[in-house]
Amino acid sequence: SPIVDTGGTVVGYFGVHRDITGEKNLEQQLIHAQKMESIGLLAAGLAHEVGNPLTSISSLVQVIQRTTHDEFTQDKLELIKSQITRISKIIRDLVDFSRKSSYEVQLTDVNKCVRDSVEIVRVGKKSKGISFRVEFDNALPQLPLVPDQVEQVFINILINAVDAIHTRPEVAGRMRDGAITVVTRIADENLIVEIQDNGKGISEDARPKIFEPFYTTKKVGEGTGLGLWVSYGIIRSFQGTIEVDSEEGKGTKFTILLPMHPEL
């Protein structure tokens, strides 16, 4: 609104400003949640329709393998089996996301889940040469979770961290020392798990898409683009959230927040 003096000359303006950043963020979260729900319903039907013929194909491949000793044919059948295995994994991820969990919720030691997940990923061939550092808050309360599902989330993110370190730019012809740090702590009534790597980081354009199904920056055949999508769905089912902070060329930090007093 303009401010005028007694002569009618505009000498200033009066305005009221309101920060709607919070509302915009909530709106984006709602849109994302609705999108994920719709895709989940689609995924359930797709998994059913694809799963049945895939089982038939797998059975036929095994029958042919038992009836032929031709080396060329055996090689091609093994290739088919490997692709069937890949498709089956995609279907399992789709089903895990789209249907309600059949696992039993129980009081869970998150530190133990983190420790077990790190040990699983640490022994992988790709993890050779990567240092893993863990910092546990031993005062963490046990939360009503599904341990297997929570471990799946940690393993998915840790594997992505390992891959990010392997695909970062080389320095002076040699790969820099890779490092992954996992921290558990409590803040603002949330149990927090932070997984940070010094890998290649995520580009600004890719960051908003990483939780979308089938989105991946990995080479063809190296990733399905479902790991983070499934992880997001699991954490959301426990009323938590996943935040990402990344800078291209410097690394990425995933922050998993789980409420210590979830609504029943």
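## Working through strands, helices and salt bridges

Strand 6 (residues 178–187) and strand 7 (residues 190–197) pair in the antiparallel sense, with eight bridges between them. Strands here are DSSP runs (E, at least two residues), as helices are (H or I, at least four), and both are numbered from the N terminus. Two strands count as paired if DSSP finds at least two bridges between them.

Before you start, know that this is a predicted model: local features need pLDDT of at least 70, side-chain atom pairs count only at pLDDT 80 or more, and totals for chains, interfaces and linings use all residues. Residues are numbered from 1 along each chain as its sequence is written, and side-chain values use heavy atoms, with hydrogens and water left out.

**Exercise 1. Find the turn between strand 6 and strand 7, then follow strand 7 to its other partner.**

Step 1. Strand 6 and strand 7 form a hairpin with two residues between them. In the turn, Asp-188 has a positive phi of about 50°.

Step 2. Look at who faces whom: Ala-187 stands opposite Asn-190, and Val-183 stands opposite Glu-194.

Step 3. Strand 7 also pairs with strand 9 (residues 251–259), again in the antiparallel sense over eight bridges. There, Leu-191 has Leu-258 as its bridge partner.

Step 4. Now check the cover. Seven of the eight residues of strand 7 are buried, where buried means under 20% relative accessible area, exposed means over 50%, and partly exposed lies in between (1.4 Å probe, protein chains only).

**Exercise 2. Put the strands of the open sheet in order and pick out its edges.**

Step 1. The sheet has five strands in the order 4-6-7-9-8, with mixed pairing.

Step 2. Which strands stand at the edges? They are strand 4 and strand 8 (241–247), and each has a single partner strand, so one side of each has no neighbour in the sheet.

Step 3. From one strand to the next, the twist averages 15°. For angles like this, axes are lines fitted to C-alpha atoms (for helices over the stretch in contact), and the angles run from 0 to 180 degrees between N-to-C directions.

**Exercise 3. Compare three salt bridges.**

Step 1. Get the rule straight: a salt bridge is a side-chain nitrogen of Lys or Arg within 4 Å of a carboxyl oxygen of Asp or Glu. That rule gives a count of six.

Step 2. Take Lys-112 and Asp-116, whose N and O are 2.8 Å apart. Both sit in helix 3 (residues 110–122), four residues apart, or about one turn of the helix. Lys-112 is partly exposed at 45% relative accessibility, and Asp-116 is partly exposed at 25%.

Step 3. Next comes Lys-126 with Asp-163, the closest N and O atoms being 3.0 Å apart. Lys-126 lies in the loop between helix 3 and strand 4 (130–135) and Asp-163 in helix 4 (residues 147–166), so this pair ties together parts 37 residues apart in sequence. Buried or exposed: what is Asp-163? Asp-163 is buried, with a relative accessible area of 13%, while Lys-126 is partly exposed at 45%.

Step 4. Finish with Glu-247 and Lys-250, at 3.6 Å from N to O. Glu-247 is partly exposed at 45%, and Lys-250 is exposed at 60%.

**Exercise 4. Describe helix 4.**

Step 1. Helix 4 has 20 residues and reaches 29 Å from its first C-alpha to its last, close to the 28 Å expected. That expected span is 1.5 Å times one less than the number of residues.

Step 2. Helix 4 is mostly covered, with 15 of its 20 residues buried.
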